[in-house]
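Me: Got a minute to walk through a fold with me? I'd like to poke at the strands, a helix and some ring contacts.

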Amino acid sequence: LLMDGGRVTGAAFIRNGTEQEARCDAEVILSAGAVQSPQILMLSGIGSADTLNAMNITPQIDLPGVGQNLQDHLSIDSAYYCKKPITLHTLTHPMKKLSVGLKWLATRSGIGASHIWEMGGFVFGNDQVTHPNLQYHFTPVYSDWHNRKIRLQQGYVLTCDQLRPKSRGEVKLRSTDPHDRPASHFNYMSHPDDTRELVEALKVMQELLTQPAFDEFRGERINPAPEAKTDSELEAWVRAYSSTDYHPCGT
């Protein structure tokens with residue numbers, strides 16, 4: 001970022017191997033995401049003065065919050081194999097993919113017009129929260145990675161996002177090279193309430209998926225592993241298998 005008297009007036013960048021500048025008389029909006037926005041700010045001298053001095057970057061504006069307060073949605077799944085061949089596992093067949101594509105091109109309808117996570121809801125995981133703290137998404141197919149490819153199986157999945165995590169992380173510089181990726185420390189589940197809420201989420205998911213309406217479809221449970229039943233076993237499973245839903249923010 002280009003600075004003039006403590007004000008950002010433009011940006012310097014490399015295009016086709018040549019360094020160029022773009023300047024602005026009004027305002028400059030930096031929109032590079034929750035990870036690279038603070039990286040660009042810090043490389044430009046905007047951030048914690050102590051952190052910048054340690055990287056031999058001359059501070060332009062001492063702004064300690066840059067790179068702090070990193071948050072993300074953790075996600076967990078509960079999945080079952082389906083007894084009936086009514087799920088979307090057939091989408092991997094070439095002729096099925098062709099028919100889906102042709103229907104979408106002709107009518108803009110069918111499964112090609114869907115993001116397949118159309119059923120969901122916001123849930124109170126306990127009676128201590130004033131707003132829903134969990135968000136569920138249901139999809140009629142089970143997928144996993146096999147030899148670096150997505151493999152669809154006859155099953156269904158209920159996924160849960162933790163909406164208001166209390167854990168906080170940070171984005172830090174590895175070097176002064178703008179091409180070097182910054183270090184993102186999410187500190188997932190560093191706050192004990194986050195782990196507790198995800199265990200509560202699994203219990204509600206299990207209650208939903210074992211309702212009588214699922215009896216004719218519910219096959220063997222895929223995850224959590226059927227032997228995970230106690231709070232300590234569910235917590236161990238959450239710590240081992242929870243994953244990001246790619247919603248970083250807050251920096």
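What follows is a chat about this predicted model.

Me: Let's start at the N-terminal end. How do β1 and β2 pair, and over how many bridges?
Reply: Strand β1 (residues 2-4) and strand β2 (residues 7-15) are antiparallel, with three bridges. L2 stands opposite G10 in β2.

Me: And how many residues sit between β1 and β2 in the hairpin?
Reply: Two residues. G5 is in that turn, and its phi is positive, about 65°.

Me: What does β2 do with β3?
Reply: β2 pairs with strand β3 (residues 18-23) in the antiparallel sense, over six bridges. If you want a reference point there, F13 stands opposite Q20 in β3. β2 and β3 also make a hairpin with two residues between them, and N16 in the turn has a positive phi of about 55°.

Me: OK, switching to β7. Is it mostly covered or mostly open?
Reply: Mostly covered: seven of the nine residues in β7 are buried.

Me: Which strands does β7 pair with?
Reply: Its partners include β16, antiparallel over two bridges, and β12, antiparallel over seven bridges. β15 is another antiparallel partner, joined to β7 by three bridges.

Me: Can you give me residue pairs for those? Which residue is the partner of L74 in β16, for instance?
Reply: L74 has T244 as its bridge partner in β16. On the β12 side, Y80 stands opposite Y156. For β15, C82 is bridged to R218.

Me: Stay with β16 for a sec. What does S243 touch?
Reply: S243 is in strand β16 (residues 243-244). Setting aside residues up to four places away in sequence, S243 touches H73, L74 and S75. Its C-alpha is also 6.6 Å from that of I76, though S243 and I76 are 167 residues apart in sequence.

Me: Why is S243 called partly exposed?
Reply: Because its relative accessibility is 37%, and partly exposed covers what falls between the 20% cut-off for buried and the 50% cut-off for exposed.

Me: Now the helix. Does α4 come out shorter than its residue count suggests, or does the span agree?
Reply: The span agrees. Helix α4 has 18 residues (192-209), so at 1.5 Å a residue it should span 26 Å, and its end C-alpha atoms are 26 Å apart.

Me: Which residues of α4 are buried?
Reply: The buried set is D193, D194, T195, E197, L198, V199, E200, A201, L202, V204, M205 and L209.

Me: And what covers them?
Reply: The cover includes strands β7 (74-82), β8 (119-123), β9 (134-139), β12 (155-162) and β15 (218-223), plus helix α5 (231-241).

Me: An Asp in the buried list caught my eye. Why does D193 count as buried?
Reply: Its relative accessible area is 19%, so D193 falls under the 20% cut-off. D193 lies in helix α4, and once neighbours within four places in sequence are left aside, D193 is in contact with Q162 and K166.

Me: Last topic, aromatics. How many aromatic pairs are there in the whole structure?
Reply: A search of the whole structure turns up seven. One of them is F138 with Y156, a tilted pair at 5.8 Å centre to centre with 40° between the planes. That pair links distant parts of the chain: F138 is in strand β9 and Y156 is in strand β12, 18 residues apart.

Me: Are F138 and Y156 buried or exposed?
Reply: Both F138 and Y156 are buried. F138 also pairs with F214, again tilted, at 6.1 Å centre to centre and 55° between the planes. Here F138 in β9 is linked to F214 in the loop between α4 and β15, 76 residues apart.

Me: How accessible is F214?
Reply: F214 is partly exposed, with a relative accessible area of 21%.

Me: Which residues do ring pairs link into a cluster?
Reply: Y80, F138, Y156 and F214.

Me: What sits over the ring of W104?
Reply: The charged end of R108, 4.1 Å from the ring centre.

How values were computed:
Residues numbered from 1 in each chain as written. Predicted model: local features only at pLDDT ≥ 70, side-chain atom pairs only at ≥ 80, totals over all residues. Heavy atoms only, no water. Helix = DSSP H or I, 4+ residues; strand = E, 2+ residues; numbered from the N terminus. Expected span 1.5 Å × (residues − 1). Buried < 20%, exposed > 50% of the residue type's maximum accessible area, 1.4 Å probe, protein only. Contact = heavy atoms within 4.5 Å. Phe/Tyr/Trp six-rings, centres within 6.5 Å; stacked < 30°, edge-to-face > 60°. Lys NZ or Arg CZ within 6 Å of the ring centre and 35° of its normal. Pairing = 2+ DSSP bridges.
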